[in-house]
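Biologist: I should like to learn how to read the features of a protein model. May we go through one together, step by step?

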Amino acid sequence: MSTILITGATSGLGRYVAFELVRAGHLVLAHGRDPGRTERLVAELRTEGDAEGFVADLASLSQVRELGARVAAAHPGLDVLINNAGVGAGAPGAARELSADGHELRLAVNYLAPVVLTRALLPVLRANAPARVVNVGSAGQDPLDFDDIEFRRAHDGFAAYRRAKFALAAHTFALAEELADTGVAVNVLHPATFMDTAMVREGGVTPWNTVADGAPGVLALATGDHGTGGYFDGTDRARAHEATYDRELRKRLSAVTDQLLAL
């Protein structure tokens, strides 16, 4: 059985997946932003199996790094990381929002936080190979504007969300190549379209699917061998935006990411 950290576990897809994993006998490390909600979730999970809670605001990169350090220290046997937490497009017409570090919020939570958390946990994951990183992405992907990566001009929540998910996919493929011989598999997936979550409803969208529809793809990648460097639509291997496979773009993204994280 695995030791699995899942971010954004207190609601939506993350919550559903956490219960499925606990029932299957895995130790689930459930991350949440709100201490009370995280505590209540863990109490519920423990009626079904083994779970522990970790609290951090992923809009603060220092808290993301601290989360990684706490998990690594408490659970040196960690072998699966599910980067599930995310911020949706927001309410239609909502103003540009910033993270604790001054980054555009969707870029910070949907892209920079998973990058930082994965980096923090890579030594543990490599030590426990075969290990897995599952990045919950989206079929909604727009190429980055490197001249305005922080969306200072003409901000739009849906576009910001889609660009962050594009970056996450491109990063996934680059990291998978980097870790090719380490036994750490890195994959990204679109779980299901417009699941019935608070994120989707806030965006003014009528849900098309349930979180149960989105869970099988996440569970498959977290618990089974499906290779590395893949993009999946649910449980089916698919193609991300073609530009995410461009090695020059990925190099540029990596350089910009390092600059953003150094700020």
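Biologist: To begin with a single residue, where is the place of Thr210?

Modeller: Please bear in mind that this is a predicted model. Thr210 lies in the loop that runs between helix 6 (198–202) and helix 7 (211–223).

Biologist: Does one call Thr210 buried, exposed or partly exposed?

Modeller: The class follows from relative accessibility, with buried meaning under 20% and exposed over 50%. Thr210 has 39% relative accessibility and therefore counts as partly exposed. As for its place relative to another residue, Arg162 is 48 residues apart from Thr210 along the chain, and their C-alpha atoms are separated by 21 Å.

Biologist: Let us turn to helix packing. By what is a pair of packed helices described?

Modeller: Two values serve: the angle between the axes and the distance between them. Here, helix 5 (residues 157–178) and helix 8 (residues 247–262) have axes that come within 10 Å and cross at roughly 100 degrees. Helix 5 is therefore roughly perpendicular to helix 8, since angles of 65 to 115 degrees are given that name.

Biologist: Which residues of helix 5 and helix 8 meet?

Modeller: From helix 5 come Phe166, Ala167, Ala170, His171, Phe173, Ala174 and Glu177, and they meet Arg247, Leu249, Arg250 and Leu253 of helix 8. Sorted by class, this contact holds 7 nonpolar, 1 polar and 3 charged residues.

Biologist: At what angle do helix 4 and helix 8 pack?

Modeller: Helix 4 (residues 105–127) packs with helix 8 at about 90 degrees, and the axes are 12 Å apart. The two helices are therefore roughly perpendicular to each other. In helix 4, the residues Leu107, Tyr111, Leu112, Val115, Val116 and Arg119 meet Leu253, Thr257, Asp258, Leu260 and Leu261 in helix 8. The classes here are 8 nonpolar, 1 polar and 2 charged. Leu253 of helix 8 thus appears in the contact with helix 5 and in the contact with helix 4.

Biologist: Now the chain as a whole: how many helices and strands are there?

Modeller: The chain has 8 helices and 8 strands.

Biologist: Why does the radius of gyration agree with a compact globule?

Modeller: One compares the value with that expected for the chain length. For 263 residues a compact globule would have a radius near 18 Å, and the chain has 17 Å, which agrees. Along the principal axes, the C-alpha atoms fill a box of roughly 50 × 40 × 35 Å. Of the 263 residues, 54% count as buried.

Biologist: What share of contacts joins residues at least 24 apart?

Modeller: Among contacts between residues at least 6 apart in sequence, that share is 69%.

Methods:
Residues are numbered from 1 along each chain as its sequence is written. This is a predicted model: local features need pLDDT of at least 70, side-chain atom pairs count only at pLDDT 80 or more; totals for chains, interfaces and linings use all residues. Side-chain values use heavy atoms; hydrogens and water are left out. Axes are lines fitted to C-alpha atoms, for helices over the stretch in contact, and angles run from 0 to 180 degrees between N-to-C directions. Helices (H or I, at least four residues) and strands (E, at least two) are DSSP runs, numbered from the N terminus. Angles under 35 degrees count as roughly parallel, over 145 as roughly antiparallel, 65 to 115 as roughly perpendicular and the rest as oblique. Contact means heavy atoms within 4.5 Å. Ala, Val, Leu, Ile, Met, Phe, Trp, Tyr, Cys and Pro count as nonpolar, Asp, Glu, Lys and Arg as charged, and the others, Gly among them, as polar. The radius of gyration is taken over C-alpha atoms; the globule rule is 2.2 Å times the number of residues to the power 0.38. Buried means under 20% relative accessible area, exposed over 50%, partly exposed in between (1.4 Å probe, protein chains only).
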